[in-house]
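Q: I have a chain open here and would like to talk through its fold before setting anything up. Can you take me through it, sheets and confidence included?

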Amino acid sequence: MKKIIMIIGALLLLAGCLLAQDLPTQDTATHAYRSFFGSENTEWYYGEPLITGGIFSYRVVIDGDTTINGLNYKRVRKYRLYEQDTNDIVGFEVDEDILILAREDTTTGKLWYKRGNEEVLLADLSLEMGDYFNGLQVLSIEYDSIMRKKIILGQYNSPEREFILEGVGPEFPFGYPNIMICVYHDGNNIYKKDLTDTYYGCPINKEKCRATCNPMGFGSAETTKPLLFPNPCHSFFEIELSEESQISMYDGLGHIILRKKVYSGKEIIDITSLAAGCYYLNIANSDIFSWYKIIKK
């Protein structure tokens, strides 16, 4: 009997050792996710569709660190990439003197940016299935070929999807409609969008991660732009469409508040529940990609 007790005790001790080996160390517990920033340099390239039609490309870089109220931020500088050569789209950079402050928490995979006194949550890798983030629901959690966590966000009744990718960031960095094209850490390309020959109707340069075209040369968007009225409005506005379209509405911080498919003819959008202020509406179909600034009184 004594021998049996000794054997059981030894097995329990061995099991305890094995379990202890599986517990995360302090280092892994405090570095649960890859950093959104490179150790020395970080660059994001993204395109921004314009209300007047067309698209400009931007380069966003880290240019130092700062501390505010005990929190460590990265100073993020934004540059517009103007088109110099329509065949190569090499462009040149102009400092817009736009400074963004960004910080992260690698234990939760959260990324914030700060402009003025307000801090906006851009990414959260601790989200679970069914959670909501900026009005969208977590539809799936995946891992890419190098085991980076990827959270897919969207609405079940809409084909449009967005993502948050570990170590890279959200698909729409620093607020909509800035659509990410490429990301570099310390000179290494860690993400490149699967671009086709055009990007919202504009030519692209895959090697340089840019999509640029003359904003006034974006097809016939102005002549076919859907009618929208009244604007400003109080509780609703009406859109007159020539064909089935996808509409998306955002608040002033880029958070999506409405996304739905609408059909040709007149469509009434009820905004009674929204607070007074400025909102942005995108209408997209086979021919146009239009933006509107909606003012609710």
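A: Let me begin with one of the sheets in this predicted model: it is open, its 5 strands follow the order E7-E8-E9-E10-E11, and the pairing is antiparallel. At the edges lie strand E7 (132-133) and strand E11 (169-170), each of which pairs on one side only.

Q: And what joins E8 to E9?

A: Strand E8 (residues 136-143) pairs with E9 in the antiparallel sense, over 6 bridges, and one pair of bridge partners consists of Tyr 143 and, in E9, Lys 149. The two strands form a hairpin with 5 residues between them, and in that turn Met 147 has a positive phi of about 65 degrees.

Q: Ok, then where does the sheet go from E9?

A: E9 also pairs with E10, again in the antiparallel sense, here over 5 bridges, with Ile 152 having Phe 163 in E10 as its bridge partner. E9 and E10 form a hairpin as well, with 6 residues between them.

Q: Why would you call E9 largely enclosed?

A: Because 5 of the 6 residues of strand E9 (residues 149-154) are buried, the strand is largely enclosed by the rest of the structure.

Q: How many bridges hold E11 at the end?

A: Strand E10 (residues 161-165) and E11 are joined by 2 bridges and run antiparallel; Leu 165 has Gly 169 of E11 as its bridge partner.

Q: Switching topic: which residues sit at the heart of the largest nonpolar core, going by how many other members they touch?

A: That core has 35 residues, and those touching the most other members are Trp 44, Val 76, Leu 153, Ile 164 and Phe 174. A second core, separate from it, has 15 residues, among them Phe 237, Leu 241, Leu 281 and Tyr 292. As general background, nonpolar side chains in soluble globular proteins tend to be buried together.

Q: What about the other sheet, the one with E17 in it?

A: It is an open sheet of 3 strands in the order E17-E18-E21, with antiparallel pairing. Strand E17 (227-229) and strand E21 (265-270) are its edges, each pairing on one side only, and neighbouring strands are turned by 20 degrees against each other on average, direction ignored. E17 is joined by 3 bridges to strand E18 (residues 236-241), the two running antiparallel, and Leu 228 has Ile 239 of E18 as its bridge partner.

Q: Give me the whole-chain numbers, then: how many helices and strands?

A: The chain contains 2 helices and 23 strands, and of its 297 residues 45% count as buried. Among contacts with a separation of 6 or more, 47% are between residues 24 or more positions apart. The accessible surface comes to about 15900 Å², with 53% of it belonging to carbon and sulfur atoms.

Q: Last thing, what is the mean pLDDT, and where should I be careful?

A: The mean pLDDT of the chain is 75, with 68% of the residues reaching 70 or more. Over residues 84-92 the pLDDT is below 50, although that stretch has 19 contacts in the model beyond near neighbours in sequence. Residues 214-223 also have pLDDT below 50, and this stretch has 16 contacts beyond near neighbours in sequence. Where pLDDT is low, the predicted coordinates should not be read in detail.

How values were computed
Residues are numbered from 1 along each chain as its sequence is written. This is a predicted model: local features need pLDDT of at least 70, side-chain atom pairs count only at pLDDT 80 or more; totals for chains, interfaces and linings use all residues. Side-chain values use heavy atoms; hydrogens and water are left out. A nonpolar core is a set of buried Ala, Val, Leu, Ile, Met, Phe, Trp, Tyr and Cys residues joined through side-chain atoms within 4.5 Å. Buried means under 20% relative accessible area, exposed over 50%, partly exposed in between (1.4 Å probe, protein chains only). Helices (H or I, at least four residues) and strands (E, at least two) are DSSP runs, numbered from the N terminus. Contact means heavy atoms within 4.5 Å. Accessible areas come from the Shrake-Rupley method with a 1.4 Å probe; for residues, only the protein chains shown count as cover. Two strands pair if DSSP finds at least two bridges between them. Axes are lines fitted to C-alpha atoms, for helices over the stretch in contact, and angles run from 0 to 180 degrees between N-to-C directions. pLDDT is the predictor's confidence in each residue, from 0 to 100.
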